[in-house]
Amino acid sequence: MQLVEPLLAWHPELTAIRRDLHAHPELGFEEQRTSDVVARNLESWGIPIHRGLAGTGVVGIIQGDAGEGPAIGLRADMDALPMQEANTFAHASQNPGRMHACGHDGHTTMLLGAARYLAQHRDFKGIVYVIFQPAEEGGGGAARMIQEGLFEKFPMAAVFGMHNWPGLPMGTFGLTPGAIMGSSNEFAIVLRGRGAHAAMPHLGADPVIAAVQLAQSLQSIVTRNKNPADTAVLSITQIHAGSADNVIPNEAVLRGTVRTFATAPLDLIERRMREIAEHTAAAFDVQCEFSFHRNYPPTINHAPESAFAAEVLREMVGSDAVDADVVPSMGAEDFAFMLEKVPGCYIWAGAGDGAHRAEGHGMGPCMLHNGSYDFNDEMIPLGSSYWVRLVQAWSKAGGVRK
Ligand SMILES: [Zn+2]
Ligand SMILES: [Zn+2]
């Protein structure tokens, strides 16, 4: 393994930063303390910073001294989740109902390690922008940073992201050109009928029977309308109606999520859902109110940058430890917004099976968004080294697209 030497020496210090962040988790757009920790460290290493994009966002500007070259962006997320930590070890969350259960504490730390190294070894061309973003977990912090001028203030030829991935062995990496994460979309369908006595249904219009029919019919979109070559999932996760055994209610509500790896099947699914909902409602003599919210687009890696990242990883950890054709996940990721604007690649870094957890962890598995999760500190030198090697290779090649 070709790790960057000082990063191994800094491992204890970086682990301390990671555990401090873990103990002080903050929700999206509220990462004030986290943002301060990031800013303070960057400044202490002589890195000029810009603060305030999307509120708590921080961008560090590291100018190489080997001449002109295309700029590169490296991105980490900083926010935690609104959930209770089940772990009781020393660095467990001190903020009730808040937890770093997705490893963004580790992502922030790995990028800090790389920034420190790059600030001390500026033998690269062009500029490296280290981007610390708020609110990945549903808040769309990346989209807000872009709206507030991220790519105008800091023009870059490519941007790269990384997420720790439990289940992939530690020391291995996964990526794929094209879609690696799904789009995330929520829908709500309100069916308004006319309530009645349950013994006299002919005097009302029953929204419950319409909801049941609709729940069945919507699944036909995935099997009958969508191209079988496209991937999509439509899950109805809530049906609410009624309050008594002998009352036909006025209203029934269906809610759920749609996930896809591309926008075209999503457009089709949204259109067919609306049509089926409206026509089913009409068939049962009830009114329909349909709403569909597109949360995150699919995360689509660009092929040249993906090939470049894969090569950097192979040189670092060996070909056997890099799967450059992973099966994508239907989870969503707001790095997708950055990849819509600028070419780049998002990778998964193997986090192992959870055996790294310190004594006092919860009973649950070490999976993302589980109360017993903890970021694997053994990954820190690996993740930081990837960022450094990526910049070095980028500088040597003069970027990916000439
Ligand atoms: Zn997450
Ligand atoms: Zn995450």
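Trainee: Is Ala54 buried or exposed, going by its relative accessibility?

Mentor: This is a predicted model, so every value here is computed from predicted coordinates. A residue counts as buried when its relative accessible area is under 20%. Ala54 has 1% relative accessibility, so Ala54 is buried.

Trainee: Where does Ala54 lie, and what is its phi?

Mentor: Ala54 lies in the loop between strand E1 (49–51) and strand E2 (58–63). Its phi is near 55°, a positive value in a residue other than glycine.

Trainee: Which phi does His369 have, and in which loop does His369 lie?

Mentor: For His369 phi is near 70°, again positive in a residue that is not glycine. His369 belongs to the loop between strand E16 (344–352) and helix H11 (380–397). At 40% relative accessibility, His369 counts as partly exposed. Keep His369 in mind, for its NE2 atom is one of the donors of the zinc ion (ligand 1).

Trainee: Then let us take the metal sites. Which atoms coordinate the zinc ion (ligand 1)?

Mentor: To read a metal site, start with the donor atoms and their distances. The zinc ion (ligand 1) is coordinated by Cys102 through SG, by Glu137 through OE, listed twice, and by His369 through NE2, at 2.0 to 2.7 Å.

Trainee: Why is the arrangement around the zinc ion (ligand 1) irregular?

Mentor: The angles between donors decide that. Four donors count as tetrahedral if all angles lie between 85 and 135 degrees. Around the zinc ion (ligand 1) the four donor atoms subtend angles of 52 to 150°, and the arrangement is therefore irregular. Water is not among the atoms, so sites may look incomplete.

Trainee: How are the donor residues of the zinc ion (ligand 1) spaced in sequence?

Mentor: The spacing is C-x34-E-x231-H. Glu137, in the loop between strand E4 (127–133) and helix H5 (141–147), and His369, in the loop between E16 and H11, are 232 residues apart, and the pair links distant parts of the chain. Glu137 is partly exposed, with a relative accessible area of 24%.

Trainee: Which residues coordinate the zinc ion (ligand 2)?

Mentor: Its donors are Cys102 (SG), His104 (NE2) and His163 (NE2), at 2.1 to 2.3 Å. Along the chain they follow the spacing C-x1-H-x58-H. This pair too links distant parts of the chain: His104 is in helix H4 (residues 104–120) and His163 in strand E5 (residues 158–166), 59 residues apart. Both His104 and His163 are buried.

Trainee: How many Å apart are the two zinc ions, and which residue coordinates both?

Mentor: The zinc ion (ligand 1) and the zinc ion (ligand 2) lie 3.1 Å apart, and Cys102 bridges them.

Trainee: Back to helix H11. What span should its residues give?

Mentor: A helix can be checked by comparing its expected span with the distance between its ends. At 1.5 Å a residue, the 18 residues of H11 should span 26 Å, and the end C-alpha atoms are 26 Å apart, which agrees. Of those 18 residues 13 are buried, so H11 is largely enclosed by the rest of the structure. After H11 comes Gly398, with a positive phi near 70°.

Trainee: And the strands. Which strands does E8 join, and how do they run?

Mentor: Look for bridges and for direction. Strand E8 (residues 183–192) is joined by 10 bridges to strand E12 (residues 251–260), and the two run antiparallel. Nine bridges join E8 to strand E13 (residues 287–296), also antiparallel. As reference points, Ser183 stands opposite Thr260 in E12, and Leu191 stands opposite Cys288 in E13.

Trainee: How many of the residues of E8 are buried?

Mentor: Eight of its 10 residues are buried, and the strand is mostly covered. Take Ser184, which lies in E8. At 4% relative accessibility, Ser184 counts as buried. Among the residues that Ser184 touches are Val258, Arg259, His293 and Ala332.

Trainee: How many helices and strands are in the protein chain as a whole?

Mentor: There are 11 helices and 16 strands. The radius of gyration is 24 Å, close to the 21 Å that the globule rule gives for 402 residues, so the chain is as compact as a globular protein of that length. The C-alpha trace spans about 80 × 50 × 40 Å along its principal axes. Buried residues make up 56% of the 402 residues.

Conventions. Residues numbered from 1 in each chain as written. Chains lettered and ligands numbered in written order. Predicted model: local features only at pLDDT ≥ 70, side-chain atom pairs only at ≥ 80, totals over all residues. Heavy atoms only, no water. Buried < 20%, exposed > 50% of the residue type's maximum accessible area, 1.4 Å probe, protein only. Helix = DSSP H or I, 4+ residues; strand = E, 2+ residues; numbered from the N terminus. Pairing = 2+ DSSP bridges. Expected span 1.5 Å × (residues − 1). Donors = N, O, S within 2.8 Å, 3.2 Å for Na, K, Ca; no water. Tetrahedral: all angles 85-135°; square planar, octahedral: opposite > 155°, others 65-115°. Rg over C-alpha atoms; globule rule 2.2 N^0.38 Å. Contact = heavy atoms within 4.5 Å. Lists of a residue's contacts leave out its neighbours within four places in sequence.
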